[in-house]
Amino acid sequence: MVDAANATPTRYDQLLRCPKIQRRLQHQTPMHTHSSNCSSAVAPNVTISRRNNDTGGRIATITVSHPAKLNIVSSLVLDKLILACAELSIESNLRAVVLEGGDTVQGKSPAFIGGADIKEMNQLSSSKEAETFISRIHHACKALRDLPTPVIARIDGYCLGAGLEIAAACDLRIATERSVFGMPEVNVGIPSVVEAALLPGLIGMGRTRRLLYLAENINAVTAERWGLVERLVDSRQELDDAVTEWVTRIAKTGPHAMTSQKRLTQTWENVPVDDGITAGVKAFSECYDDGGQEPKSFMEAFTSRRRS
C-alpha cells in the first residue's frame, strides 16, 4: 500500500501511477468522473464530479458510496478515496472540494459515512494486519488534509467512527438536523484511534472523553453546540444551498492565499502560539516572493470597488 502519510501534493501524481494501488483497483469498479450521488450501483465506490465556478476555478465533489451499508469504508473504498485525492491534488484550478456520502438504498437511513467495515475488521488475525487496516483510514484522512484547497464535509445522516474521523479531517463541516454523530469503537472491543486525535481540538478533551468512553451518539444540535460541526441546516436542499454558498465564497478568494491559509491553520494545531506567529510571518512574506502579484491584484480590485 502506498504510504500516503509521506505523500505531498507535489508528489500525488506518483500515487496515480503506483502499480500497487493500480493492481488493487484494476479489477474493481472504475472511478467515474461524473455526478453519481445515486444508489443504482450497489457496489462500493468513490466517485468524483466537477463543475466550474463563475470565477473560473473548479469545484470538485467526492462521493463515498456503499448504498446497502450506510456508506461504510472498507480497504478498497479507502484506497479509492486516497486515489481520488491524489487525482484532485494535481488540478491547478481546483478551488474547493466537497466530501459527501452517496444515497443509501431504499429502507436504509441516510449516511455520510457510517463507520469502518466491521466484517473486514473481524477477519483481521494479526497485529500487522490490524496496523495495515487502520493505517489506511489515517492515510485517507491525511490525503484529505493534504489537498491544497479547503474540504467541506457535507453531512446528511449517520457520521460514526471512521466516518467522524474522516469528517474531522475536513476543514469545515455542514450537517442536516437529522444527522447523528458518534464514536462507538469501544462497544466492539477496539479503541478510537488515528484521526480521533483531531477531536480535542474541535470539542475539547472532556467532551472527547465523553464521546469515546461512553460510545454514545449525539444529535446534530449537540454536535453544533459542541463545535463538532460549523453549520446546521434543516433539510438536504438547505444543505446543498449552504455548501454552494461556502464554496462560492472560497472560490472568490486568492487561490495561493487560501492554500497558504489552510497550511498555516494546520500548523497552528501543532505548535505553541509563538511558533504559530512566526509561521504566520513567514507565510505572509512568501506572498511577495514573486513581487506580490496575487495580493496586489486582489487589493487593486478591492480599492476599485470602493471607489465605484
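At what angle do the axes of helix 11 and helix 12 cross?

## Helix 11 and helix 12

The answer is roughly 165°. This comes from a predicted model. Helix 11 spans residues 255–268, and helix 12 spans residues 273–286. Their axes come within 9 Å. An angle over 145° counts as roughly antiparallel, so helix 11 is roughly antiparallel to helix 12. The crossing of the two helices is right-handed.

Which residues meet at the contact of helix 11 and helix 12? Helix 11 brings Ser260, Leu264, Thr267 and Trp268. Helix 12 brings Gly276, Ala279, Gly280 and Ala283. By class, four residues of this contact are nonpolar and four are polar. No charged residue takes part.

## Overall make-up

The protein has 13 helices and 10 strands. It holds 308 residues, and 46% of them are buried. Contacts across the sequence are also counted. Among contacts with a separation of 6 or more, 69% join residues 24 or more positions apart.

## Helix 3 and helix 5

Helix 3 covers residues 75–89, and helix 5 covers residues 127–146. The two axes come within 9 Å and cross at roughly 25°. Under 35°, a pair counts as roughly parallel. Helix 3 and helix 5 are therefore roughly parallel to each other. Their crossing is left-handed.

On the helix 3 side, the contact is made by Ser75, Leu78, Asp79, Leu81, Ile82 and Cys85. On the helix 5 side, Phe133, Arg136, Ile137, His139, Ala140, Ala143 and Leu144 take part. By class, the contact of helix 3 with helix 5 has nine nonpolar residues. Two polar and two charged residues complete the set.

## Helix 5 and helix 11

Helix 5 also packs against helix 11. Their axes come within 10 Å and cross at roughly 130°. That makes helix 5 oblique to helix 11.

How many charged residues does the contact of helix 5 with helix 11 have? It has four, with one nonpolar and one polar residue beside them. Leu144, Arg145 and Asp146 come from helix 5. Lys262, Arg263 and Gln266 come from helix 11. Leu144 is also one of the helix 5 residues in the contact with helix 3.

## Helix 6 and methionine 183

Helix 6 runs over residues 162–169. Eight of its eight residues are buried, so the helix is largely enclosed by the rest of the structure. The buried residues are Ala162, Gly163, Leu164, Glu165, Ile166, Ala167, Ala168 and Ala169.

Methionine 183 touches two of these residues, Leu164 and Glu165. Methionine 183 sits in the loop between strand 8 (180–182) and helix 7 (199–203). It is buried, with a relative accessible area of 0%. Leaving aside neighbours within four places in sequence, its other contacts are Gly161, Ser192, Ala196, Leu199, Leu211, Leu212 and Ala215. Leucine 160 and methionine 183 are 23 residues apart in sequence. Their C-alpha atoms are 5.7 Å apart in space.

## Positive phi outside glycine

Alanine 215 is one of the contacts of methionine 183. Its phi is near 50°, a positive value in a residue other than glycine. Alanine 215 lies in the loop between helix 8 (205–214) and strand 9 (218–219). It is buried, with a relative accessible area of 12%.

Asparagine 71 also has a positive phi, at about 60°, although it is not a glycine. Its place is the loop between strand 2 (58–65) and helix 3. Is asparagine 71 buried or exposed? It is buried, with a relative accessible area of 0%.

## An aromatic pair

The count comes to one aromatic pair. Its members are phenylalanine 284 and tyrosine 288. The rings lie 5.7 Å apart, centre to centre. Their planes stand at 45°, and the pair is tilted.

Phenylalanine 284 is exposed, with a relative accessible area of 56%. Tyrosine 288 is partly exposed, at 33%. Phenylalanine 284 falls within helix 12, residues 273–286.

How values were computed. Residues are numbered from 1 along each chain as its sequence is written. This is a predicted model: local features need pLDDT of at least 70, side-chain atom pairs count only at pLDDT 80 or more; totals for chains, interfaces and linings use all residues. Side-chain values use heavy atoms; hydrogens and water are left out. Axes are lines fitted to C-alpha atoms, for helices over the stretch in contact, and angles run from 0 to 180 degrees between N-to-C directions. Helices (H or I, at least four residues) and strands (E, at least two) are DSSP runs, numbered from the N terminus. Angles under 35 degrees count as roughly parallel, over 145 as roughly antiparallel, 65 to 115 as roughly perpendicular and the rest as oblique. A crossing is left-handed if the near helix is turned anticlockwise from the far one by less than a right angle, and right-handed if clockwise. Contact means heavy atoms within 4.5 Å. Ala, Val, Leu, Ile, Met, Phe, Trp, Tyr, Cys and Pro count as nonpolar, Asp, Glu, Lys and Arg as charged, and the others, Gly among them, as polar. Rings of Phe, Tyr and Trp (its six-membered ring) pair if their centres lie within 6.5 Å; planes under 30 degrees apart count as stacked, over 60 as edge-to-face and the rest as tilted. Buried means under 20% relative accessible area, exposed over 50%, partly exposed in between (1.4 Å probe, protein chains only).
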